[in-house]
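Grab a coffee and work through these exercises with the viewer open. Each one sets a task, then walks through a solution.

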Amino acid sequence: MINKNDRMRCFIASPVTLSQELYNGIQLPGKKVDLNLLHITYYFLGNIDKKYAKMVCDIIKNIDEGAVKIHIKGLSGFPKKEGANIGYLDITGNDLDKIYYNIINSLGVKNNNFKPHITIYRFKRKLELPEIKINCEIKIDRVCLYNSIFNGKRIYEEMCCAMLK
């Protein structure tokens, strides 16, 4: 039997670097994600054990993509832009889709209309998001398994990473 404390709250993501100007240019009434914690979320695994984490690390290490450029096109929200609990940067890129489908297919997961995204805000109450257009490209050069730890402060611990060649 697995002890509850042996489980980790994990997700698969790529760390991103945004310019301070872009980051500071988006001001909304909510809790902004720290600039150093921004990432593209590909898939949220939830609470997993160490054995499953090792299997996910093996999948990540087998991603055979080169470094990719993604395009940030604007601000959107979950569950919808007109009543968002989460504000995210809307991103696109053919190579981004390849990485995403590689991950979910290797995990044997159905798409479920999930969209890779960069969470930038969390809201206590649903918020109608303003129209914010962004035209920016950023480079992604690795994919990682993170353990999300909340101890009064949010910490993302890298469990394993693979460089995109």
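The expected span of a helix is 1.5 Å times one less than its number of residues. Keep that rule handy for the first two exercises, and remember that this is a predicted model.

**Exercise 1. Check the span of helix H2, then find which residues of H2 are buried and which are exposed.**

Step 1: Start with the length. H2 has 12 residues, and its first and last C-alpha atoms lie 16 Å apart, close to the expected 16 Å.

Step 2: Sort by burial, where buried means under 20% relative accessible area and exposed means over 50%. Ala53, Val56, Cys57, Ile59 and Ile60 come out as buried in H2.

Step 3: Look down the axis. The buried residues of H2 fall within an arc of 160°, so they line one face of the helix.

Step 4: Flip to the face turned away from that buried side. Here you meet the exposed residues Lys51, Lys54 and Lys61.

**Exercise 2. Do the same for helix H3, residues 94-107.**

Step 1: H3 has 14 residues and reaches 20 Å from first C-alpha to last, close to the 20 Å expected.

Step 2: Its buried residues are Leu96, Ile99, Tyr100, Ile103, Ile104 and Leu107. Because they cover an arc of only 120° around the axis, they sit on the same side of H3.

Step 3: Over on the other side of H3, Asn94 and Asn105 are exposed.

**Exercise 3. Work out how many disulfides the structure holds, and which cysteines they join.**

Step 1: Recall the chemistry. A disulfide is a covalent bond between the sulfur atoms of two cysteines. For the count, the sulfur atoms must be within 2.5 Å.

Step 2: Apply the cut-off. Cys57 and Cys160 pass, with their sulfur atoms 2.1 Å apart. This pair links distant parts of the chain, since Cys57 is in helix H2 and Cys160 is in strand E9 (residues 154-163), 103 residues apart. Both of these cysteines are buried.

Step 3: Cys144 and Cys161 pass too, at 2.1 Å from S to S. Again distant parts of the chain are linked: Cys144 is in strand E8 (residues 142-150) and Cys161 in strand E9, with the two positions 17 residues apart in numbering. Cys144 has 0% relative accessibility, so it counts as buried, while Cys161, at 27%, counts as partly exposed.

Step 4: Try Cys10. Its closest cysteine sulfur is in Cys57, but at 8.5 Å that is too far for a bond. Cys10 is buried all the same, with a relative accessible area of 0%.

Step 5: Wrap up. The structure holds 2 disulfides, and numbering the bonded cysteines in sequence order gives the pairing 1-3, 2-4.

**Exercise 4. Is the disulfide of Cys57 and Cys160 left-handed or right-handed, and what about the link of Cys144 and Cys161?**

Step 1: Read the torsion about the S-S bond of Cys57 and Cys160. It is about -100°, so this disulfide is left-handed.

Step 2: For Cys144 and Cys161 the value is 105°, and the link is right-handed.

**Exercise 5. Describe what lines the largest pocket and the second largest pocket.**

Step 1: The largest pocket has a volume of about 370 Å³. It is lined by 16 residues, and Lys31, Lys32, Val33, Arg122 and Arg154 are the closest to its centre.

Step 2: Ask where the lining comes from. Strand E2 (31-32) and strand E6 (117-127) each supply at least two residues, and E6 gives the largest share with 5.

Step 3: Classify the lining of the largest pocket: 8 charged, 6 nonpolar and 2 polar residues.

Step 4: Move to the second largest pocket, at about 280 Å³. Of its 14 lining residues, Thr41, Phe44, His117, Thr119 and Arg122 lie nearest the centre. By class, this lining has 6 nonpolar, 5 polar and 3 charged residues.

**Exercise 6. Find where Pro79 lies, and what kind of peptide bond leads from Phe78 to Pro79.**

Step 1: Pro79 lies in strand E4 (residues 68-80).

Step 2: Set the background: most peptide bonds are trans.

Step 3: Check omega. For the bond from Phe78 to Pro79, omega is near -5°, and the bond is cis.

Definitions and conventions. Residues are numbered from 1 along each chain as its sequence is written. This is a predicted model: local features need pLDDT of at least 70, side-chain atom pairs count only at pLDDT 80 or more; totals for chains, interfaces and linings use all residues. Side-chain values use heavy atoms; hydrogens and water are left out. Helices (H or I, at least four residues) and strands (E, at least two) are DSSP runs, numbered from the N terminus. Buried means under 20% relative accessible area, exposed over 50%, partly exposed in between (1.4 Å probe, protein chains only). On a 1 Å grid over the protein atoms alone, a cavity is a set of points where a 1.4 Å probe fits but cannot get out, and a pocket is an open set with protein on both sides within 12 Å along at least five of seven lines; lining residues have an atom within 4 Å of a point. Grid points are joined across faces, edges and corners, and a volume is the space filled by probe spheres set on the points. Ala, Val, Leu, Ile, Met, Phe, Trp, Tyr, Cys and Pro count as nonpolar, Asp, Glu, Lys and Arg as charged, and the others, Gly among them, as polar. The arc is that of the directions from the helix axis to the C-beta atoms.
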